[in-house]
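With the model open in a viewer, please follow the stops below in order, making each selection before reading what is found there.

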Amino acid sequence: MKTKKDYTSSEYILSNFLGATTKYVIIIVSLTIVCFPLYWLIISAFKLEQDYLAFPPILLPLRYTLNSFTEIFTRDKISVYFFNSMLIGIVTTLFVILVGSMAAFALVRGPIQKRAKNVFGVWFLIQKMYPAIATAIPVYLIMRKLRLMDTPMALIIMNTSFNLPLVIWLMMGFLEQIPYSLEESAVLDGCSFTGRFFMIVLPITKPGLIASAILTFVATWNEFLFAVILSIKRAKTLPVIIAGFITDRGLAWGPMAATAVLCLLPVIILTLAVQKDFVNGLAMGAVKG
């Protein structure tokens, strides 16, 4: 049976007004705006010094070099700071996902009223929304008092505290979609609350866990504010090193671009490796049960 077209709908109006050609032009322009900065970053990492300082800018260089990468690995010891970023990102992600999913499961399945659950959800969002700079001074004083300045542990603690509320809120949405009937048989067999979480709930919420883990890792990997405040030399991360190429003597464009490319690689590889589960996790969390 044919349905009558709604000639007043926005979709119909835009489809007839724009047309296929205009749509493709908009897509190409949008992709160019998004991808061009990434392209410029990558070619700048391989340019000769006289090429990335040339005016007008050289969009398609004919000469390439690895001098910038050689410089950051030999003179700047970038591998040490790469290891710091990786250590802080991995440990923070693992801890946040474990604690956040357990806390979300306790809130969703625990003996808590629905109104109290909603209050907790709003509170977690508020914790994520307030500006981190507001806590900079007290955090600095506390870390100095605990003698954790310039240590990876200080950055792990801070990244955990800022990412945990978001993960709890996201995992609450994932867990609410799991019917309790899946856990009833385990309850009848005498499975404990913790046992149900690890043996039944976690395997089902794998896409949600992966989506939360990627968001946490990317946020930790790119964190700059507390990495600057709490690190002096030993615990510096890649974002701090990139900012360090901006000096009063000018910008070291080549080494800065090479370090930025190195900083992009783990995130790109991780996202491509779990892209399917990441999209499924976002879709799973977008629909309330």
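The angles on this tour lie between the N-to-C directions of axes, which are lines fitted to C-alpha atoms, for helices over the stretch in contact. The model is a predicted one, and the tour begins with a pair of helices.

Select helix H3, residues 67-74, together with helix H13, residues 253-273, whose axes are 8 Å apart and pack at an angle of about 80 degrees. Because angles of 65 to 115 degrees count as roughly perpendicular, H3 and H13 are therefore described as roughly perpendicular to each other. To display the contact itself, show Ser68, Phe69, Glu71, Ile72 and Phe73 on the H3 side, and Gly254, Pro255, Ala258, Thr259, Val261 and Leu262 on the H13 side. Sorted by class, the residues in this contact of H3 with H13 are seven nonpolar, three polar and one charged.

Next, select Tyr52, which is placed in helix H2, residues 49-52. Is Tyr52 buried or exposed? Its relative accessible area is 19%, so Tyr52 is buried, the cut-off for that term being under 20%. Once neighbours within four places in sequence are left aside, the contacts of Tyr52 are Ser44, Lys47, Trp253 and Gly254. A distance drawn between the C-alpha atoms of Tyr52 and Trp40, which are 12 residues apart along the chain, should read 10.0 Å.

Now move to helix H4, residues 78-109, and helix H9, residues 193-204, whose axes come within 11 Å and cross at roughly 110 degrees. That angle makes H4 roughly perpendicular to H9, and the crossing of the two helices is right-handed. From H4, the residues to show are Leu98, Ser101, Met102, Phe105, Ala106 and Arg109, which meet Phe193, Arg196, Phe197, Phe198, Val201 and Leu202 of H9. By class, nine nonpolar, one polar and two charged residues make up the contact of H4 with H9.

Which residues have the most contacts inside the largest nonpolar core? Select Ala104, Ile168, Met171, Met172, Leu175 and Val201, which hold that place in a core of 20 residues. Two or more residues of this core are given by each of H4, helix H7 (152-175), H9 and helix H10 (206-221), and H7 provides the largest share, eight residues. For a closer view, centre on Met171, which touches Ser101, Ala104, Thr205, Gly208, Leu209 and Ser212 when residues up to four places away in sequence are not counted.

Finally, another core of 19 residues lies apart from that one, and Phe69, Leu238, Leu262 and Cys263 are among its residues.

Technical notes:
Residues numbered from 1 in each chain as written. Predicted model: local features only at pLDDT ≥ 70, side-chain atom pairs only at ≥ 80, totals over all residues. Heavy atoms only, no water. Axes fitted to C-alpha atoms, helices over the stretch in contact; angles between N-to-C directions. Helix = DSSP H or I, 4+ residues; strand = E, 2+ residues; numbered from the N terminus. Parallel < 35°, antiparallel > 145°, perpendicular 65-115°, else oblique. Left-handed = near helix turned anticlockwise from the far one by under 90°. Contact = heavy atoms within 4.5 Å. Nonpolar A, V, L, I, M, F, W, Y, C, P; charged D, E, K, R; others polar. Core = buried A, V, L, I, M, F, W, Y, C linked by side-chain atoms within 4.5 Å. Buried < 20%, exposed > 50% of the residue type's maximum accessible area, 1.4 Å probe, protein only.
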